[in-house]
Amino acid sequence: MTEFLTAAVGFILAMLALGLVSILRGPGDADRVMATQLIGTGGIAALLLLGTVAGVPAAVDVALTLALLATFASIAFVKKGLSRFEADGTASTENE
Amino acid sequence: MRAHVAARVSVASRAAWFLCLWLVLAGATLDDVPAAATAVGAATWTSLRFLAPGSSRLSPRALGRLVLLFLYHSIVAGADVARRALDPRLPLRPGFVAYPTGLPPGPRRNVFATLTSLLPGTVPAGDQNAQIFYHCLDVERPVIAELAAEEEALVRALYND
Amino acid sequence: MSLVRDMISIAAVSAGAFFFLAGTVGLLRFPDTLTRLHALTKADNLGLGLVVLGLLPQADSLRDALKLVSIWLLGLLAGATVSQLIARAARQGGSIR
């Protein structure tokens with residue numbers, strides 16, 4: 001079981017590395033945010049697997065924190081960084 | 001008077017949910033009591049501030065159906081994207097579809113948009129008046145009918161007032 | 001008993017890894033921002049969900065299992081929220097490719 005889960009961690013990390021390639025390719029900022037989101041989700045999966053493989057319960061807490069941080073980072077980036085695209089009023093409805 | 005009691009019940013039930021979440025995430029230790037009380041209080045206050053208690057009644061059966069529908073859709077959606085991504089011909093017909101919704105703008109419409117962002121091939125991309133714009137991977141799929149079914153299930157489960 | 005649990009874990013985690021693969025391939029192959037967004041939200045969240053499902057039989061206690069599920073729900077909510085925000089920004093700024 002341990003071997004299998006370790007292999008799964010390796011595979012998911014390899015997928016994340018490919019995700020980094022897509023950050024480099026871009027081309028837009030939105031694509032980069034998406035790749036960050038991918039790394040957030042994949043990172044959580046890898047950490048949860050590692051926590052079970054290595055018997056480190058703290059890894060689960062790290063995954064939880066990563067989930068929270070990745071979310072807020074992406075939201076902040078989209079709201080701030082991409083706000084120049086939200087010039088007309090339709091975007092304001094999301095606040096209510 | 002009755003409304004007053006109902007409001008208290010809803011505050012208590014939200015606090016109870018947040019307490020459960022705390023116990024799951026942080027565990028139950030005596031040393032944590034002050035931190036837990038602060039966190040639960042802050043979470044309850046924040047949730048009441050941003051989402052006022054509603055008037056609708058929860059229907060557990062309809063909610064169960066909604067959860068099942070949601071899980072089923074997540075699986076179909078993931079499989080659909082995987083099939084298109086791995087197909088050498090890359091079968092995509094992307095475009096926007098405007099979906100006329102009966103839900104008022106605000107929390108209800110946002111919940112609906114969030115749920116439907118996991119339907120196969122649709123991502124909500126903003127709304128205007130009584131329409132939500134969806135970006136679709138394949139505009140020839142029966143997107144509008146699927147969205148209408150999802151809206152009906154949601155209204156039955158949560159917004160049946 | 002433990003064999004059955006391990007089989008469930010192996011099946012679910014393998015399926016999860018497959019969806020991570022599909023998500024990454026979609027991110028690299030799909031032609032524009034909005035289509036890539038589909039690959040990200042759908043495939044990734046399902047991948048994480050299946051990994052969590054596969055770890056549930058290995059969890060030591062009910063609390064650990066619930067914790068795993070709440071992390072998945074948080075990830076799901078995050079993916080759904082962020083994807084809407086990105087889609088909105090991309091639709092309004094037709095200039096992003």
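At roughly what angle do the axes of helix H3 of chain B and H2(C) cross, and within how many Å do they come? Keep that in mind while you get your bearings; you're looking at a predicted model.

**Stop 1: the two domains of chain B**

Start by colouring chain B by its domain assignment: domain 1 covers 2–50 and domain 2 covers 60–157. If you mark their C-alpha centres, you'll find them 32 Å apart.

**Stop 2: the sheet in chain B**

Now select strands S1 (95–100) and S2 (122–128) of chain B, then add S3 (residues 131–136). Together they make an open sheet of three strands in the order S1-S3-S2, with antiparallel pairing. S1(B) and S2(B) are the edge strands, each pairing on one side only. Look along the sheet and you can see the twist: neighbouring strands are turned by 30° against each other on average, ignoring direction.

What holds strands like these side by side? In general, strands of a sheet pair through backbone hydrogen bonds, either parallel or antiparallel.

Zoom in on S1(B) and S3(B), which pair in the antiparallel sense over six bridges. For one spot to click on, try Pro100(B): its bridge partner in S3(B) is Gln131(B).

Next, show helix H5 (residues 143–157) of chain B. H5(B) lies across S1, S2 and S3 of chain B and runs at about 40° to S1(B).

**Stop 3: where chain C touches chain B**

Bring chain C into view. Here 28 residues of chain C are in contact with 27 residues of chain B. On the chain C side, the elements giving two or more residues are helices H1 (2–29), H2 (33–55) and H3 (62–92). H3(C) gives the largest share, with twelve residues. Colour that side of chain C by residue type and you'll get eleven nonpolar, eleven polar and six charged residues.

**Stop 4: the helix crossing**

Back to the opening question. Select H3 (residues 60–86) of chain B together with H2(C): their axes come within 8 Å and cross at roughly 120°. The two helices are therefore oblique to each other. H3(B) passes H2(C) in a left-handed crossing.

Finally, turn on the side chains. From H3(B), pick Ser74(B), Ile75(B), Ala77(B), Gly78(B), Val81(B), Ala82(B) and Ala85(B). They meet His38(C), Ala39(C), Lys42(C), Ala43(C), Asn45(C), Leu46(C) and Gly49(C) in H2(C). By type, the residues of this contact are eight nonpolar, five polar and one charged.

Notes
Residues numbered from 1 in each chain as written. Chains lettered and ligands numbered in written order. Predicted model: local features only at pLDDT ≥ 70, side-chain atom pairs only at ≥ 80, totals over all residues. Contact = placed C-beta atoms within 7 Å. Helix = DSSP H or I, 4+ residues; strand = E, 2+ residues; numbered from the N terminus. Nonpolar A, V, L, I, M, F, W, Y, C, P; charged D, E, K, R; others polar. Pairing = 2+ DSSP bridges. Axes fitted to C-alpha atoms, helices over the stretch in contact; angles between N-to-C directions. Parallel < 35°, antiparallel > 145°, perpendicular 65-115°, else oblique. Left-handed = near helix turned anticlockwise from the far one by under 90°. Domains from an automatic or database assignment.
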